[in-house]
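Me: I would like a close look at one part of this protein. Please keep the explanation plain and set that part in its surroundings.

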Amino acid sequence: MSKSLVAAAVVAVLTPALLVAQKTTYDFDKTANFAAFKTYAHKDGTKVGQELIDQRIVAAIDTQLTAKGLKLNLTEPDVFVVYHVAFDKQKDISTYSSGYGGGYGPYGWGWGAGMGSTMTNTTVRDILVGTLVIDLADAKAGKLAWRGMGVKEINTTAKPDKRDKSINDAVKKIFKDYPPKIKK
């Protein structure tokens, strides 16, 4: 198998995996006392609008906050949790080459410029990209204390168990750096 065929095969296999990688980020109020946040309650934000998906997002948030030591308290929470979801259609353009390129090059016979057969394919497809923003607002101070955000390509044909896993993984990754480590 030629070097270019191997390279094309690697690109073809890795490209879909790279497209669905989730990017996350977070920001926070450096004056917020995160150690004082022991309880939370949900407030409405910008929902998906599909009840089952919205339920999965709330359940994933509850799981992560519980793992971080917070407890649900509907009457007097320390923080309010609000999530927002937005979708955007984007174009994905993938190009890869396959074939071989043997011939007479600048250093004699070998791989490089010259005679050979290669084929380059370019595909363009519409993809749906989702953004999930999770805000934690200090209930007493009435201001935003922490914001986490994840962006990922959405698989609109995923089965329910795959949706569960995808949402849980996304929320876990968003909360990875909560509470933030404040440098002194």
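Which residues of H3 are buried?

Reply: This is a predicted model, in which local features need pLDDT of at least 70, side-chain atom pairs count only at pLDDT 80 or more, and totals for chains, interfaces and linings use all residues. Residues are numbered from 1 along each chain as its sequence is written, and side-chain values use heavy atoms, with hydrogens and water left out.

The buried residues of H3 are Ile167, Ala170, Val171 and Ile174. Buried means under 20% relative accessible area, exposed over 50%, and partly exposed in between (1.4 Å probe, protein chains only). Looking down the axis of H3, one finds these buried residues within an arc of 95°, so they line one face of the helix. The arc is taken over the directions from the helix axis to the C-beta atoms. Why can residues that are not neighbours in sequence share a face? An α-helix has 3.6 residues a turn, so residues three or four places apart point the same way. Turned away from the buried side of H3 is a face that carries the exposed residues Asp161 and Lys172.

The length of H3 can be checked too. H3 has 15 residues, which should span 21 Å at 1.5 Å a residue, and its end C-alpha atoms are indeed 21 Å apart. The expected span is 1.5 Å times one less than the number of residues.

H3 belongs to a chain with three helices and eight strands. Helices (H or I, at least four residues) and strands (E, at least two) are DSSP runs, numbered from the N terminus. Along the sequence the pattern is α-β-β-α-β-β-β-β-β-β-α. Of the chain's 184 residues, 32% count as buried.

H2 makes a useful companion to H3. H2 has 17 residues, and the distance from its first C-alpha to its last is 24 Å, close to the 24 Å expected at 1.5 Å a residue. Ile53, Asp54, Arg56, Ile57, Ala60, Ile61, Gln64 and Leu65 are the buried residues of H2. They cover an arc of only 160° around the axis, which puts them on the same side of H2. Glu51, Leu52 and Thr66 are exposed on the other side of H2. Just after H2 comes Gly69, with a positive phi of about 95°.

Where do H2 and H3 both contribute residues? The place to look is the largest nonpolar core, which has 25 residues; Ile61, Ile134 and Phe175 have the most contacts inside it. H2, E4, E7, E8 and H3 each give two or more residues to this core. The largest share, five residues, comes from H2. A nonpolar core is a set of buried Ala, Val, Leu, Ile, Met, Phe, Trp, Tyr and Cys residues joined through side-chain atoms within 4.5 Å. In soluble globular proteins, nonpolar side chains tend to be buried together.

Two of those core elements, E7 and E8, are linked by a loop that contains Ala141. Ala141 counts as partly exposed because its relative accessibility is 46%. The C-alpha atoms of Ala141 and Ala32 are 9.3 Å apart, although 109 residues separate the two along the chain.

Finally, back to H3 and what follows it. Pro179 lies in the segment after H3. A cis peptide bond, with omega of about -10°, joins Tyr178 and Pro179. For context, most residues other than glycine have a negative phi, and most peptide bonds are trans.
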